[in-house]
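Please open the model in your viewer and keep the selection panel at hand. The stops below move through it one region at a time.

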Amino acid sequence: MTGAQALPQVIDGKAAAAQVLAEVREQVLGLKEQGLQPALAVVLVGSDAASQVYVRNKILRAGEVGIASLEYALPATCTLAELLDLIAQLNADSTVNGILVQLPLPAHIDENAVLQSVDPAKDVDGFHSENVGGLSQGRNVLTPCTPAGCLRLLKNTLGDLRGKHAVVVGRSNIVGKPMAALLLQADCSVTVVHSRSLDAAALCRQADIVVAAVGRPNLIDASWLKTGCVVIDVGINRLSVGGSSRLVGDVDYASALTKASAITPVPGGVGPMTIALLMNNTLIAARQQWAAQGTL
Ligand code: NAD
């Protein structure tokens, strides 16, 4: 016996995303053969550089899987009324199946009012309270893309999640809370750790699964982890080193490798899954709308 630990599995988010996208593409092709074209509207307000990159990537991916995309760019000075008016038009347009409003919105715009104005049936981000409530009740609703992507990666890695203790670090509406709801639905015992938790590291050390969604570079190192746990790192943090910058997660990757049995890298882990699940949500929304209309 050497006592040496097996090398941890690096969870390949790019490969998993490619698989989801291939499945979506095949289904979209089938729909097109029936004369049905799924379409996604992407609304960008202002000229935030990161948001522009995210929107461009979403539109590129949509094209790759055969989903039509409509891009609406509004100036940062647009009013809430103008934005709500555009969303009302998209809600009423039967050729639009999914509506995504890129966040964050400029400070003068009430984000909640905007998210609530999207038709829940077209809410491919899963942020409308009807979908949030449905998720917490365990109903089959449109689910936020990042946590849905994390769940896929966990199921690919572990198979059945039943009975596992999952610790979600972070309680945002976009990632932490829906992640906890999805893990509960998958029969995990779930602990949510946040900025007011008394000993976040000690709670994490009890976990079979750690999902980190905090936004703090390298917060979680080996001392937070139980040997053999699976780590999903949602964090995307840009670190400037010397004259250049690089992306790191919320998990100190090199340190976590000494304890985890499997871990997502940053980049190349959760990020690619988010866009893939957005395409999947658009397909689901389109199918449900056409089924409700009796077209499918
Ligand atoms: P957020 O700022 O809305 O929430 C952060 C959460 O972390 C809060 O709930 C807070 O309570 C908790 N927190 C803060 N400090 C903590 C600490 N010391 N210990 C424990 N918990 C602490 O952030 P968010 O929108 O949920 O995003 C989190 C990270 O995930 C960011 O880095 C973001 O860029 C990234 N993100 C990635 C994707 C993706 O596609 N990969 C998608 C969304 C967000």
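Select valine 43 and look across to β4, where the bridge partner of valine 43 is valine 101. The model is a predicted one, in which local features need pLDDT of at least 70 and side-chain atom pairs count only at pLDDT 80 or more, while totals for chains, interfaces and linings use all residues. Residues are numbered from 1 along each chain as its sequence is written, and side-chain values use heavy atoms, with hydrogens and water left out.

Widen the selection to strand β2 (residues 39-45), which pairs with β4 in the parallel sense over four bridges; strands, like helices, are DSSP runs numbered from the N terminus, with at least two residues (E) for a strand and at least four (H or I) for a helix, and two strands pair if DSSP finds at least two bridges between them. Adding β3 completes an open sheet of three strands, ordered β3-β2-β4 with parallel pairing. Because β3 (68-74) and β4 (98-101) each have a single partner strand, they stand at the edges, and one side of each is left without a neighbour in the sheet. From one strand to the next the twist averages 15°.

Now show helix α3 (residues 80-92), which packs on this sheet and touches β2, β3 and β4, its direction making about 180° with that of β2; angles run from 0 to 180 degrees between N-to-C directions, and axes are lines fitted to C-alpha atoms, for helices over the stretch in contact.

Which residues does leucine 74 contact, leaving aside its neighbours within four places in sequence? Select this residue of strand β3, and you will find Leu44, Val45, Gly46, Leu83 and Leu86 in contact with leucine 74, contact meaning heavy atoms within 4.5 Å. Leucine 74 is partly exposed, at 21% relative accessible area (buried is under 20%, exposed over 50% and partly exposed in between, with a 1.4 Å probe and protein chains only).

Move next to helix α6 (residues 145-158) and helix α10 (residues 270-293), whose axes come within 8 Å and cross at roughly 110°. That makes α6 roughly perpendicular to α10, a description that covers 65 to 115 degrees. On the α6 side the contact includes Cys145 and Leu153, and on the α10 side it includes Val270 and Asn281.

Finish at strand β9 (residues 237-241) and strand β10 (residues 244-248), which run antiparallel and are joined by five bridges. Serine 240 stands opposite serine 245 in β10, and in this hairpin, with two residues between the strands, glycine 242 takes a positive phi near 60°.

Methods:
Parallel < 35°, antiparallel > 145°, perpendicular 65-115°, else oblique.
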